[in-house]
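Me: I'm new to this one and would like a quick tour. Can you pull it up so we can chat through it?

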Amino acid sequence: AHIRGFRITLNRRKGAFTGSINYQYSYATGKSATPTAATATLTRDSSGVVTTDRENVPTRDIVLDFDRTHNLVITAGYITGKEWGPVVLNKKPFANINITVRSIVRSGRPYTSPFDIRLINAERAPMEYNTDLRITKTIRNFMGVSASFYLEVFNLFSNKILNYDYVFD
């Protein structure tokens, strides 16, 4: 198998606004994605002659089933300061809050169309999108200790993502 590609990453780690953009292009080709999926079958007849059946081995490289040609991960965060926001009951409830959003966009996996099984992995499942959100509130003196409370929302926009283990079983 051959996997070729590149990755570009941009980061901002200072200040109230932080984030990163990570793009990866890769292309995975080969005869098989697993050691047993495209193995030749060896048989020995009663006279001891060994014959090789290469029916399962593709004659040319194919796109491997785990290939994700395009992967984009965007992370953005905002951190409020110790004195940020209005005063409510002698406290600053919006101080020390960290809001982080992480979004992923990636190519769908290749598959073989049931209408033409000779074209192995020539079709692609739809692109996948997902966004997660995390809000963390740090309280410096919560019953004598520093504590962090957080809320996490997975798949914020309820995007549908294929379960490949179920679809391609």
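Me: What does Arg-68 form a salt bridge with?
Reply: Arg-68 pairs with Glu-128, and their closest N and O atoms are 3.4 Å apart. A salt bridge here is a side-chain nitrogen of Lys or Arg within 4 Å of a carboxyl oxygen of Asp or Glu. This is a predicted model, where local features need pLDDT of at least 70 and side-chain atom pairs count only at pLDDT 80 or more, while totals for chains, interfaces and linings use all residues. Residues are numbered from 1 along each chain as its sequence is written, and side-chain values use heavy atoms, with hydrogens and water left out.

Me: Back to that pair: where do Arg-68 and Glu-128 lie?
Reply: Arg-68 is in the loop between S5 and S6 and Glu-128 is in strand S10 (residues 128-142), so the salt bridge ties together parts that are 60 residues apart in sequence. Strands (E, at least two residues) and helices (H or I, at least four) are DSSP runs, numbered from the N terminus.

Me: Are those two buried or exposed?
Reply: Arg-68 and Glu-128 are both buried. Buried means under 20% relative accessible area, exposed means over 50%, and partly exposed is in between (1.4 Å probe, protein chains only).

Me: And which residue does Arg-106 form a salt bridge with?
Reply: With Glu-128, and the closest N and O atoms are 3.2 Å apart. Arg-106 sits in strand S7 (residues 97-106) and Glu-128 in strand S10, so this pair ties together parts that are 22 residues apart in sequence. Arg-106 is partly exposed, at 30% relative accessibility, while Glu-128 counts as buried because its value is 5%. Salt bridges with shared partners join Arg-68, Arg-106 and Glu-128 into one network.

Me: How many salt bridges does the structure hold?
Reply: There are 4. One of them joins Arg-124 to Asp-67, with 2.4 Å between the closest N and O atoms. That pair links distant parts of the chain, 57 residues apart: Arg-124 is in strand S9 (residues 123-124), and Asp-67 is in the loop between strand S5 (62-63) and strand S6 (70-79).

Me: Why does Asp-67 count as buried?
Reply: Because its relative accessibility is 1%. Its partner Arg-124 is partly exposed, with a relative accessible area of 33%.

Me: Zooming out, what does the secondary structure come to?
Reply: The protein chain has 1 helix and 11 strands. Along the sequence the pattern reads β-β-β-β-β-β-β-β-β-β-β-α. Of the 169 residues in the chain, 21% are buried.

Me: New topic: which residues make the nonpolar surface patch of about 460 Å²?
Reply: Phe-6, Ile-8, Leu-10, Ile-21 and Ile-74 make it. Patches take residues with over 30% relative accessible area and no salt bridge; like charges are joined within 9 Å, and nonpolar side chains (Val, Leu, Ile, Met, Phe, Trp, Tyr) within 5 Å. The areas come from the Shrake-Rupley method with a 1.4 Å probe, and for residues only the protein chains shown count as cover.

Me: Which strand gives the most to the patch?
Reply: Strand S1 (residues 2-12), with 3 residues. Ile-21 has its place in strand S2 (residues 17-30) and is partly exposed at 41% relative accessibility.

Me: What about loops, where does Gly-85 lie?
Reply: Gly-85 is in the loop between S6 and S7, and it is partly exposed, with a relative accessible area of 25%. Its C-alpha atom is separated by 6.3 Å from that of Ala-95, which is 10 residues apart from Gly-85 along the chain.

Me: And what is phi like at Asn-155?
Reply: It's positive, about 55 degrees, although Asn-155 is not a glycine. Asn-155 lies in the loop between strand S11 (145-153) and helix H1 (164-167), and is partly exposed at 23% relative accessible area. Ser-158 also has a positive phi, near 55 degrees. Ser-158 is found in the loop between S11 and H1, and counts as exposed because its relative accessibility is 58%.
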